[in-house]
Amino acid sequence: MPATLSALLAHRPFQLRRLTDAPGDPVVIAWAHSSDLADPSPFLVEGQMLLTTGGQFSADGSAAFARQYVARLQAAGVVALGFGTEVVREGTPAELVEACVRLGMPLVEVPYQTPFIAIARWVAEVQSTEARSRIDWALTTQRSVSLAALAGGGLAAAVRTTASGLGCDIAVFDPDADVVTADSALSAASRRAFASIRADVQTLLQHQRRARVDVEIGGMHVSLQTLGGSRRLRGVLALAKAAPFDAAELSVVTTLIALAEVSLERSQDQRISLRALMVQLFELLRDGRVAAVRKALGDIPTGLPEKRFVVVSLRADETGPALRDTLERRASDRRNRLFVVEHGDVFVLLADERRWPELRRLLAARQVRAGVSGVVDWDSLDAGLVQAARSLDRAGEHEIVDFAALVSSSFFGLLSATAVADVARSRLNELLSSAEGRQRLFEATVWLRHNGQWDPAARELGIHRHSLRSRVEGVERALGLSLDRFQDRAELWALLAAIDMASGDAPA
């Protein structure tokens, strides 16, 4: 406990007597000092108790002087006045008592046998004991916070322990200014405060510099501290408390900041290291081994849709590091039921149909180009991939195209329907069954994309035009088509479009 006026009065050896009531309780005394100057205010500090023997008070007992004297003390931040009797005059001047009552200054009478130095020493000893106690408390709390994080609870446990130790509410904002970790027992006032500071958090993150900002919101003192290094911020730590944090509390906050930065940095590194694994798991999903993938994800921080989901395709070269980090962070929270993976030249999202509207709003806010399949299940994942690819091909800049809209507006959108794709695969089975056959189909695709012109198609493929003509003729023979006729060319294009080769990708 700090030194207070009530504790000083309760110290019996001093035999102090209260002459006026304190307007606030408790009255904390930072220091005690004596002076008989008529105006000691230039030499005083805020929070001080002034002790005087009254030599500055004239014998005529001027009430005006007493009021001016007390007013100067209040302006200087003096919290209490002690009057020592029997040194210069007997008793405490009535005009001083009246002035202290009128202006609300706590006044204490100090008997002759109590030296001022004893009061000053008592205040100093109490402050020293309090300082040592706060240091011990801070060290103990810092240790508890560290152990909570290291015991397996991670950042969430460290936040809970810190909030409990400081008697405050805490939230951690991610780089998108969304709350990712918070004490589960946030007060209503803190919830309102955290909701209202999102713009401040976004501003701190946009500046990409380490910073700390303290604001007062709805009677709450809110402290914001960026996490991570300049130009690579990982988030913002927000703490809400009824009163500002003292030095000991700030030392505990510093420990939490260090743990939060390590935790967020580790999470980022982990997400990056898991990218190659996500590719392998995605292939297992395409093979229908969903149960095996769910089992593998038991120890991996990533989500997966339940039964019905949409496939979303984004161009990989348009998916910048910030957007990718946002999507992978969302996927790392299993509650979002989102799976993200880089697949060839596209970035693929498998989004649970119940979570898709929220994710769509995020993509729209980021002004991305995306293609979206209809709602599919795990048995029709490949069909969903084709639908999303078709939709992405038709999407303009900053546009999200749904497959349902594509089908309704374009005949060729129908070619990606599952039934049509099955017919196409059956028709092309002889060529699709070998790597050479798939290469011939790809070459035919390039030729068709160049409107049947041999020279530009051959240049793109890096072969002689006579070689290209010979290979296309092989496709003709295998399918029983005559590619000199428009309808046969249209049939081949439709078959290739249905199996997603007309996009121009080289066959695997």
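## Two mixed sheets and the helices around them

Five strands make up an open sheet with mixed pairing, in the order β12-β13-β11-β14-β15, where two strands pair if DSSP finds at least two bridges between them, and where strands (E, at least two residues) and helices (H or I, at least four residues) are DSSP runs numbered from the N terminus. This is a predicted model, in which local features need pLDDT of at least 70 and side-chain atom pairs count only at pLDDT 80 or more, while totals for chains, interfaces and linings use all residues. Residues are numbered from 1 along each chain as its sequence is written, and side-chain values use heavy atoms, with hydrogens and water left out.

At the edges of this sheet stand β12 (338-343) and β15 (400-402), each of which pairs on one side only. Neighbouring strands are turned against each other by 20 degrees on average, direction ignored; axes here are lines fitted to C-alpha atoms, for helices over the stretch in contact, and angles run from 0 to 180 degrees between N-to-C directions. Strand β11 (residues 309-315) and strand β14 (residues 370-372) run antiparallel and are joined by three bridges, and Leu 314 has Ala 370 as its bridge partner in β14.

Two helices lie across these strands, contact meaning heavy atoms within 4.5 Å. Helix α10 (residues 321-332) lies across β11, β12 and β13 (346-352) and runs at about 140 degrees to β12, whereas helix α11 (residues 356-365) lies across β11, β12, β13, β14 and β15, at about 145 degrees to β13.

A further open sheet of five strands, also with mixed pairing, follows the order β1-β5-β4-β3-β2. Its edge strands are β1 (17-18) and β2 (31-34), each pairing on one side only. Within it, strand β3 (residues 48-52) and strand β4 (residues 80-84) run parallel and are joined by four bridges, with Phe 83 in β4 as the bridge partner of Thr 52. Helix α4 packs on this sheet, touching β2, β3, β4 and β5 (107-110), and its direction makes about 165 degrees with that of β2.

Helix α4 (residues 116-166) has 51 residues, yet its end C-alpha atoms are only 36 Å apart, short of the 75 Å that a straight helix would reach at 1.5 Å a residue; the expected span is 1.5 Å times one less than the number of residues. At Gly 153, α4 bends by about 145 degrees, the bend being the angle between axes fitted to the seven residues ending there and the seven starting there. The residue that follows α4 is Gly 167, with a positive phi near 65 degrees.

Helix-to-helix packing completes the description. Helix α8 (residues 275-286) and helix α12 (residues 381-394) pack at an angle of about 115 degrees, with their axes 9 Å apart, and are therefore roughly perpendicular to each other; angles of 65 to 115 degrees count as roughly perpendicular, under 35 as roughly parallel, over 145 as roughly antiparallel and the rest as oblique. Phe 282, Leu 285 and Arg 286 of α8 meet Leu 381, Asp 382 and Leu 385 of α12.

Helix α17 (residues 454-461) and helix α18 (residues 465-479) pack at about 100 degrees, with their axes 9 Å apart, and they too are therefore roughly perpendicular. From α17 the contact draws on Trp 454, Asp 455, Ala 457, Ala 458 and Leu 461, and from α18 on Arg 465, Leu 468, Arg 469 and Val 472.
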